Amino acid sequence: MVRLTRIYTRGGDQGETSLTGGARVKKSSLRIEAIGTVDETNAVIGIARLQTGESDGIAGFDGMLSRIQNDLFDLGADLSTPADDTKALRISATQVERLEREIDSLNALLQPLESFVLPGGAELAAALHLARTVTRRAERVTVALAAEEKVNAEALKYLNRLSDHLFVLARTANDQGRSDVLWRPGANH
C-alpha cells in the first residue's frame, strides 16, 4: 500500500521527475506526457461520475467507471515503470477483455448508428464524450512513446478499448441512443 506523509519533495523543481525504480526523466518527456494524459482521463471520468446515480436508470455505470478509474492508476504505474522490470504492475489482457465484454453488453441495447454522433445530449453523455476525447489523446501520446521505447502492448489495447467503451456509455446515457445528437453533413450551408 502507498503511504504519503509529505506531498511536496522539491525533487521536481529542476524539471525532472522520478519513474518507478528511481530513474530521473524530464517532465517534458513522452513518458511523462502519457502518464499525465492518463491522469487527466481519470480526472474527467471522475467528473462524469458526478452525473451517475440511480435516477439515471443506467444500472452499473458508476461501478464500471470506478473500475476504469482504478485501471487507469494501474496504467499510470505500468507507464512509469521501465519495460525491463519483470515484477511491475502491468495492464493485463483480462482488463482489456472486461472492457470488451462491457462494450458488447451495452452496445447490444443500442440501435445501429446511421450517422456520426456529436458530443452532447445528457450531461453525463457530454462528460463521457469529453473523457473519450482525452482518452484518445492519451492513446496518441502512448503510441508515440511506443515508437521510441518499449511499452506494454496491453496498455495500448486498453486505451483503444477505453475510448470505445466511453463512446458506448455516452450513447447509453443518451436514453439508449435515442437522444444522441447526430451529425447532419452540410446542414448549415
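Partly exposed, the class used for several residues below, lies between buried, under 20% relative accessible area, and exposed, over 50%. With a relative accessible area of 40%, Asp175 is therefore partly exposed. The views that follow all come from a predicted model.

**View 1. Here is the whole chain, with its five helices and four strands.** Following the sequence from start to end, you meet these elements in the order β-β-α-α-α-β-α-α-β. The chain has 189 residues, and 39% of them count as buried. Among contacts with a separation of 6 or more, 73% link residues 24 or more positions apart.

**View 2. This close-up follows helix α2, residues 61-79.** The 19 residues of α2 should span 27 Å at 1.5 Å a residue, and the 27 Å between the end C-alpha atoms agrees with that. Buried residues of α2 include Phe61, Met64, Leu65 and Ile68, and further along Leu72, Leu75 and Leu79. Polar and charged side chains are on the buried list too, including Gln69, Asp71, Asp74 and Asp78. What do the buried residues of α2 pack against? Their partners are α1, α3 (93-107), α4 (123-148) and α5.

**View 3. Helices α2 and α5 are shown where they meet.** Two packed helices are described by the angle between their axes and the distance between the axes. For α2 and α5 (residues 153-173), the axes come within 12 Å and cross at roughly 160 degrees. Angles over 145 degrees count as roughly antiparallel, so α2 and α5 are roughly antiparallel to each other. Their crossing is left-handed. On the α2 side, the residues in contact are Phe61, Met64, Leu65, Ile68, Asp71, Leu72, Leu75 and Asp78. On the α5 side, they are Ala155, Tyr158, Leu159, Leu162, His165, Leu166, Leus169, Thr172 and Ala173. By class, this contact has 13 nonpolar, two polar and two charged residues. An α-helix has 3.6 residues a turn, so residues three or four places apart point the same way.

**View 4. Asp39 of helix α1 is shown together with Gly76.** Asp39 sits in α1, which covers residues 30-49. Is Asp39 buried or partly exposed? With a relative accessible area of 47%, Asp39 is partly exposed. Gly76, one of the buried residues of α2, is 37 residues from Asp39 in sequence, yet their C-alpha atoms are 7.3 Å apart in space.

**View 5. Ala125 of helix α4 takes the centre of this view.** Ala125 has a relative accessible area of 0%, so it is buried. Leaving aside residues up to four places away in sequence, Ala125 touches Gly120, Ala170, Ala173 and Asn174. One of these, Ala173, is also among the α5 residues that meet α2. Asp180 is 55 residues from Ala125 along the chain, and their C-alpha atoms are separated by 8.8 Å.

**View 6. The last close-up shows Asp175 and Gln176 in the loop between α5 and β4.** Most residues other than glycine have a negative phi. Which phi value does Asp175 have? Phi of Asp175 is near 55 degrees, a positive value. Gln176 likewise has a positive phi, near 55 degrees. At 26% relative accessibility, Gln176 counts as partly exposed. The strand that follows this loop, β4, covers residues 181-182.

How values were computed
Residues numbered from 1 in each chain as written. Predicted model: local features only at pLDDT ≥ 70, side-chain atom pairs only at ≥ 80, totals over all residues. Heavy atoms only, no water. Helix = DSSP H or I, 4+ residues; strand = E, 2+ residues; numbered from the N terminus. Buried < 20%, exposed > 50% of the residue type's maximum accessible area, 1.4 Å probe, protein only. Axes fitted to C-alpha atoms, helices over the stretch in contact; angles between N-to-C directions. Parallel < 35°, antiparallel > 145°, perpendicular 65-115°, else oblique. Left-handed = near helix turned anticlockwise from the far one by under 90°. Contact = heavy atoms within 4.5 Å. Expected span 1.5 Å × (residues − 1).
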